[in-house]
Amino acid sequence: MNKYAIIDIGGKQLRVEQGRFHDARHFAPVRPMLTSDTKISINRVLLIRHGSIINFGYPWLGDAVVRGRILHGCFRKKLVIQKIHSKKKTRRTLGYRENMTRFVVDSIHFGGKDLNKS
């Protein structure tokens, strides 16, 4: 629990740890290119915590990389949108499911060293 990184991915900030999987939206501009077991590296690292040492980036850490691999594509829970016009007695129901990409973090590197091995 004391080794983690905060990354900027898909317009959101995620707290990632080694060995855990995470879901991200808008992962890459070319979605068909991302298949299962594709290796990825994320350079937009905002913060790294290793024990009691915390490193901040302004806005990102220059020599930090989070490496992992893509597990599979998935969907978020379906959002149901209902539009009701009370005086006209009309109703419209729409559904929407957002595409997500599930990935697992293999290692967190900072300054050329793998933080998970120490």
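**Close-up views of a predicted all-strand chain**

**View 1. Glu98 and its partner Arg25 in a salt bridge between two loops.** With a relative accessible area of 15%, E98 counts as buried, and this close-up of a predicted model begins with that residue. The side chain of E98 meets the side chain of R25 in a salt bridge, with a distance of 3.5 Å from N to O. This pair links distant parts of the chain, since R25 sits in the loop between β3 (21-24) and β4 and E98 in the loop between β9 (90-96) and β10, 73 residues apart. While E98 falls under the 20% limit for a buried residue, R25 has a relative accessibility of 23% and therefore counts as partly exposed.

**View 2. A network of salt bridges formed by R15, E17 and R20.** In this network, R15 pairs with E17, and the closest N and O atoms of the two are 3.0 Å apart. The side chain of E17 also meets that of R20 in a salt bridge, here with an N to O distance of 3.9 Å. The acidic residue E17 is buried, at a relative accessible area of 10%, whereas R15 is partly exposed at 38% and R20 is likewise partly exposed at 46%. In general, side chains of opposite charge can pair when their charged atoms come close. For the structure as a whole, the count of salt bridges comes to eight.

**View 3. The largest nonpolar core and the surroundings of I48.** The core holds 18 residues, and those that touch the most other members are I7, V45, I48, V66 and F103. Two or more residues of this core come from each of the strands β1 (3-9), β2 (12-16), β4 (39-42), β5 (45-50), β7 (64-75) and β10 (99-110). Apart from residues up to four places away in sequence, I48 touches Y4, A5, I53, I54, N55, L61, A64, I108, H109, F110 and L115. In soluble globular proteins, nonpolar side chains tend to be buried together.

**View 4. H109, a buried histidine in strand β10.** Residue H109 lies in β10 and, with a relative accessibility of 17%, counts as buried. Its side chain makes a polar contact with the side chain of R67, at a distance of 3.1 Å. When neighbours within four places in sequence are left aside, the residues in contact with H109 are I48, D63, A64, V65, R67 and D114, and I48 from the previous view is thus found again in this list.

**View 5. A nonpolar patch on the surface.** The residues L79, I81, L94 and Y96 make a nonpolar surface patch of about 380 Å². Strands β8 (79-85) and β9 each supply at least two residues of this patch, and L79 is one of the residues that lie in β8.

**View 6. The chain as a whole.** The secondary structure of the chain comes to eleven strands and zero helices, so that along the sequence one reads β-β-β-β-β-β-β-β-β-β-β. Of its 118 residues, 32% count as buried, and the chain exposes about 8400 Å², of which carbon and sulfur atoms supply 53%. Among contacts between residues at least 6 apart in sequence, 63% join residues at least 24 apart.

Methods: Residues numbered from 1 in each chain as written. Predicted model: local features only at pLDDT ≥ 70, side-chain atom pairs only at ≥ 80, totals over all residues. Heavy atoms only, no water. Core = buried A, V, L, I, M, F, W, Y, C linked by side-chain atoms within 4.5 Å. Buried < 20%, exposed > 50% of the residue type's maximum accessible area, 1.4 Å probe, protein only. Helix = DSSP H or I, 4+ residues; strand = E, 2+ residues; numbered from the N terminus. Contact = heavy atoms within 4.5 Å. Salt bridge = Lys/Arg side-chain N within 4 Å of Asp/Glu carboxyl O. Patch = residues over 30% accessible without salt bridge, like charges linked within 9 Å, V, L, I, M, F, W, Y side chains within 5 Å. Areas by Shrake-Rupley, 256 points an atom, 1.4 Å probe, with all protein chains shown as cover. Polar contact = N/O pair within 3.5 Å; in protein donor to acceptor, adjacent residues only side chain to side chain.
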